[in-house]
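Let's take a friendly walk through a protein together. Keep the model open beside you, and turn it as you read.

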Amino acid sequence: MTSPSYNPDVLIIGAGLAGLSAANELQLAGYRVLVVDKGRGLGGRLAGRRIGGATFDHGAQFMTTRQPRFVEQVNKWVDAGVAEPWYSSVTGQPNSHVRYRGVPTMTAIAKYMAQGIDILRATRVTAIGHEDNGWIAILDNGASVSADSMIITSPAPQTIELLATGNTQLPNDKCARLNRIVYESCIAVMAILDGPSNISSPGALMLDVGPIAWISDNQQKGVSSLPAITIHGSAAFSAKYLDYDRNLVAKKLIAAAKPYLGANVLEFQVHRWRYSKPIVMDEHSCMLASEHTSLPPLIFAGDAFAGPRVEGAVLSGWAAAEALINC
Ligand SMILES: Cc1cc2nc3c(=O)[nH]c(=O)nc-3n(C[C@H](O)[C@H](O)[C@H](O)COP(=O)(O)OP(=O)(O)OC[C@H]3O[C@@H](n4cnc5c(N)ncnc54)[C@H](O)[C@@H]3O)c2cc1C
């Protein structure tokens, strides 16, 4: 039996917020879109996990809104019941931006955006190449995709690796822009507690010094029915320990979190975000990489282009769709 193949107008690599925003825009404009993501869930760094009866947001914890179009978008998610304000003011950060959370978890937003879009999940694009009229992508299940145009939303180092698989040559200035992008890492620990935590309402704690950057109480947040916390290691701690034994590193973070917990850890899991947030970004909201080349339309998008947060990912996805429609 031969492997199935797909023939959309546009292949989008990544079902994070950038990929899903681009997919929605393009589908509205009449393009046939296929999104492929290596993850089992939707949302990329908007990630959730269940451990026993506990539920965790272990990637992005909330969204803030700055641009009017994104404010409007978040209001639509609130109306649809997949987002709601979580808090706007905590100790050390009085009266700052409203933080919106996904309902019941952050991934609800991605699931909502994915409605009506063709998505292959748990499917990695292992190689990309091009012909005169389009792109060919090889998937890890043996199938292939031929598409007129392609949008890639993976973190820049992974995009660079993908480009190398098919020897896709970009102009030097575009390669330099991609190579300049830098991310910080984040080690996330998800721990079930034997009782409610000591973290005060609304269940969010930001720390400026030490190995921990953030602790959230998923039970207070309304994500988990059982006491369950997410600990994010600081950028310095995560960079130092990213490739160490994950359980030993988690125990260090749990020990550092002890004064805030007021309960014992029953069970924990760890996730390593190698590319957590971009700290050196491109100055444009997406990159039309095929511009001034003979390549078929190729666009890079994601939070490294329009801002290191959920909002940036969405704005970049929209910008990518617009660039493709206009090219
Ligand atoms: C720990 C952590 C905490 C954060 N906290 C916040 C926060 O509180 N507020 C905030 O606004 N932002 C936060 N962020 C940042 C926010 O999550 C990101 O800015 C945003 O989700 C990025 O979306 P994206 O679509 O650009 O990328 P991603 O969500 O990373 O999507 C890229 C997708 O591409 C897929 N992919 C990559 N390579 C391939 C391949 N070869 N084949 C198939 N699929 C592939 C990946 O699986 C992934 O799903 C946080 C991020 C992390 C990691």
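**A helix with a bend**

Start with helix H8, which covers residues 246-261: at alanine 255 there is a kink of about 35 degrees, shortly before proline 259. Keep in mind that you are looking at a predicted model. Which residues of H8 are buried? They are Val249, Ala250, Leu253, Ala257 and Leu261. To read such a list, it helps to know that an α-helix has 3.6 residues a turn, so residues three or four places apart point the same way.

What do the buried residues of H8 pack against? Their partners are helix H7 (235-241) and four strands: S13 (182-193), S15 (212-217), S16 (228-233) and S17 (265-280). Right after H8 comes glycine 262, and its phi is positive, near 70 degrees.

Now step back and look at the whole chain. The protein is divided into domain 1 (5-45 + 111-181 + 281-326) and domain 2 (182-279). Eight residues from domain 1 and six residues from domain 2 make up the contact. On the side of domain 1 that touches domain 2, you will find six nonpolar residues, two charged ones and no polar ones. The C-alpha centres of the two domains are 31 Å apart.

Next, let's go inside. In soluble globular proteins, nonpolar side chains tend to be buried together. Here the largest nonpolar core has 68 residues, and those touching the most other members are Leu11, Ile151, Ile299, Ala301 and Ala320. Helix H10 gives the most to this core, with 10 residues. Pick out alanine 301 and look at what surrounds it: leaving aside residues up to four places away in sequence, alanine 301 touches Ala18, Ala22, Ile151, Thr153, Cys286, Ser316, Gly317, Ala319 and Ala320. There is also a second, separate core of 30 residues, which includes Ala54, Ala228, Phe237 and Val249. You have met Val249 already, as one of the buried residues of H8.

Finally, find the ligand. Which of the 38 residues around the ligand come nearest? The answer is Gly14, Gly16, Gly44, Gly302 and Arg309. Both domains take part in the shell, since domain 1 and domain 2 each give at least three residues. Helices H1 (17-28), H4 (156-165) and H10 (310-326), along with strands S13 and S17, each supply at least two residues of the shell. By class, the shell has 17 nonpolar, 14 polar and seven charged residues.

Notes. Residues are numbered from 1 along each chain as its sequence is written. This is a predicted model: local features need pLDDT of at least 70, side-chain atom pairs count only at pLDDT 80 or more; totals for chains, interfaces and linings use all residues. The bend at a residue is the angle between axes fitted to the seven residues ending there and the seven starting there. A residue is buried if 20 or more other C-beta atoms lie within 10 Å of its own, exposed if 12 or fewer, and partly exposed in between; C-beta atoms are placed from the backbone. Two residues are in contact if their C-beta atoms, placed from the backbone, lie within 7 Å. A residue is near a molecule or strand if its C-beta atom, placed from the backbone, lies within 6 Å of it. Ala, Val, Leu, Ile, Met, Phe, Trp, Tyr, Cys and Pro count as nonpolar, Asp, Glu, Lys and Arg as charged, and the others, Gly among them, as polar. Domain bounds come from an automatic or database domain assignment. A nonpolar core is a set of buried Ala, Val, Leu, Ile, Met, Phe, Trp, Tyr and Cys residues joined through C-beta atoms within 7 Å.
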